[in-house]
Amino acid sequence: MKNSKKLLLYFNLLILTLIMSGCMNDMQHQGNWASPSISNEIIIVPSNEGVLHKYSISQNSFDLINKFPSSDSKIGSFYGNIEIIDNVAYGISYGSDEGDKCQNKSCISYLFALDVKTLKSNWPTEYIQIDGAVVGGIKYSNETLYFATTENDSFNEKGGFFYSVNSFNGDIIFKIPITSRVYDSIEINSQENIAIVGDAKGNISLYNTSKESIANSERKIFNIETEYSIISPAIQLDGPNNETNYCVGNINGEIKCYELNKGNKITLTEWGSLKFDGWIWSNIELYDDSLFLVTLSGNLYKLDVDLEGKNLNIAWEQNIDKNGKPVSGIMIYEKGNVANGIIPFDKDKLVIAELSNGSITDELPFKDGVQSLPVMKNDFIYFVDKENKFRSYSLIDRSQKLCFDLKEMKGCD
């Protein structure tokens with residue numbers, strides 16, 4: 001039985017590796033999955049051309065002078081979202097040493113910290129180069145950036161690494177070797193100084209993220225093996241008795257929930273699981289004490305979570321009629337007393353669902369498809385389509401506010 005499970009694990013890992021490698025190689029400069037990021041009246045817009053641009057909501061116009069990088073060079077594709085903290089935009093992209101397409105082992109990542117108003121670097125250098133591809137972007141916590149490279153073929157240090165970087169100056173705090181690929185599954189608990197990291201072999205590992213000087217061999221404090229690859233990050237749920245819980249999805253369409261044990265040794269204890277139709281590889285969202293998720297098959301779910309009784313239940317399931325695949329997860333927003341979710345699909349549309357019962361209330365068709373989760377401001381949504389055009393639409397009357405071609409840097413239809 002154990003051998004059968006191992007064979008199944010290796011088979012799933014092989015399939016996942018082939019699929020993810022194909023996605024990353026085929027979609028560079030075509031599948032710019034990072035969403036635009038909003039800071040007050042400014043939107044930072046990632047382009048498939050390996051450049052970041054600045055759009056002003058109040059003026060409804062792009063800054064045609066300031067961009068990042070400031071030169072004609074480019075820094076690859078933006079897959080992980082750009083985090084804006086205190087008017088500084090933190091992010092990471094990857095490509096070749098010239099910012100073009102790259103095979104996974106020969107990729108270089110470009111880590112940056114930019115002033116939102118000027119798009120100038122807050123660090124001594126414009127960006128910091130990291131060996132290997134960082135697919136899931138960065139996590140910001142307590143003035144520190146965390147990310148993981150999937151792998152690299154550096155002459156001196158082959159394989160992937162889990163990084164901690166000082167957000168003020170870009171200095172590396174620690175760099176820990178990891179034995180499997182990490183795509184996006186990193187969650188940080190700043191109070192306990194731990195990182196919860198899932199990998200493509202199905203491991204969930206806990207790392208000590210303290211800024212104190214600790215040997216890398218002592219950073220990894222716990223590991224639990226599961227049967228299926230983990231792509232999306234764990235989501236933290238705080239229980240009624242001050243206990244901390246984490247729920248994690250995997251490519252077998254399962255969610256497993258754990259309690260964080262905070263004794264002499266920090267560990268995880270599983271207390272619940274549920275099975276769904278389709279891979280879970282995008283973020284799970286928490287709203288009003290319920291969990292919402294979209295599977296790769298295009299199903300939308302609401303989960304009721306009883307943390308005191310340690311129970312999970314599917315409140316409702318909605319199968320969405322679509323042509324393509326969901327681009328990412330779900331964007332939740334409130335309109336009056338009603339909570340809604342927007343789910344983008346890569347080939348044809350955005351779907352809007354009411355979260356109380358899962359009913360589809362609207363669909364916005366787009367012939368050029370959608371390649372990023374939208375962001376929202378004042379009843380307008382903003383996103384990048386598959387033709388590298390930045391678009392804005394009103395959710396009130398469905399009118400288009402803006403179409404801007406990020407390749408030609410001019411207006412479009």
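This briefing describes a four-stranded sheet and two nonpolar cores. The model is predicted. Four strands form an open sheet with antiparallel pairing, in the order 17-18-19-20. The largest nonpolar core holds 17 residues, and strand 19 and strand 20 are among the strands that each supply at least two of them.

**The sheet**

- Strand 17 (235-238) and strand 20 (266-275) are the edge strands; each has a single partner strand, so one side of each lacks a neighbour in the sheet.
- From one strand to the next, the twist averages 25°.

**The pairing of strands 19 and 20**

- Strand 19 (residues 254-262) runs antiparallel to strand 20, and nine bridges join the two.
- Cys257 stands opposite Gly272, which belongs to strand 20.

**The largest nonpolar core**

- Among the 17 residues of this core, those that touch the most other members are Ile255, Phe276, Leu291, Leu293 and Leu303.
- At least two residues of the core come from each of strand 17, strand 19, strand 20, strand 22 (290-294) and strand 23 (299-306).
- The most is given by strand 23, with three residues.

**Contacts of Leu293**

- When neighbours within four places in sequence are left aside, Leu293 is in contact with Ile255, Phe276 and Leu303, which are also listed with Leu293 among the core residues touching the most other members.
- Further contacts of Leu293, with those neighbours again left aside, are Ile280, Ile284, Asn299, Leu300 and Tyr301.

**A separate core**

- Another core, of 16 residues, lies apart from the largest one.
- Its members include Ala34, Phe68, Ile82 and Phe112.

Methods: Residues are numbered from 1 along each chain as its sequence is written. This is a predicted model: local features need pLDDT of at least 70, side-chain atom pairs count only at pLDDT 80 or more; totals for chains, interfaces and linings use all residues. Side-chain values use heavy atoms; hydrogens and water are left out. Two strands pair if DSSP finds at least two bridges between them. Axes are lines fitted to C-alpha atoms, for helices over the stretch in contact, and angles run from 0 to 180 degrees between N-to-C directions. A nonpolar core is a set of buried Ala, Val, Leu, Ile, Met, Phe, Trp, Tyr and Cys residues joined through side-chain atoms within 4.5 Å. Buried means under 20% relative accessible area, exposed over 50%, partly exposed in between (1.4 Å probe, protein chains only). Contact means heavy atoms within 4.5 Å.
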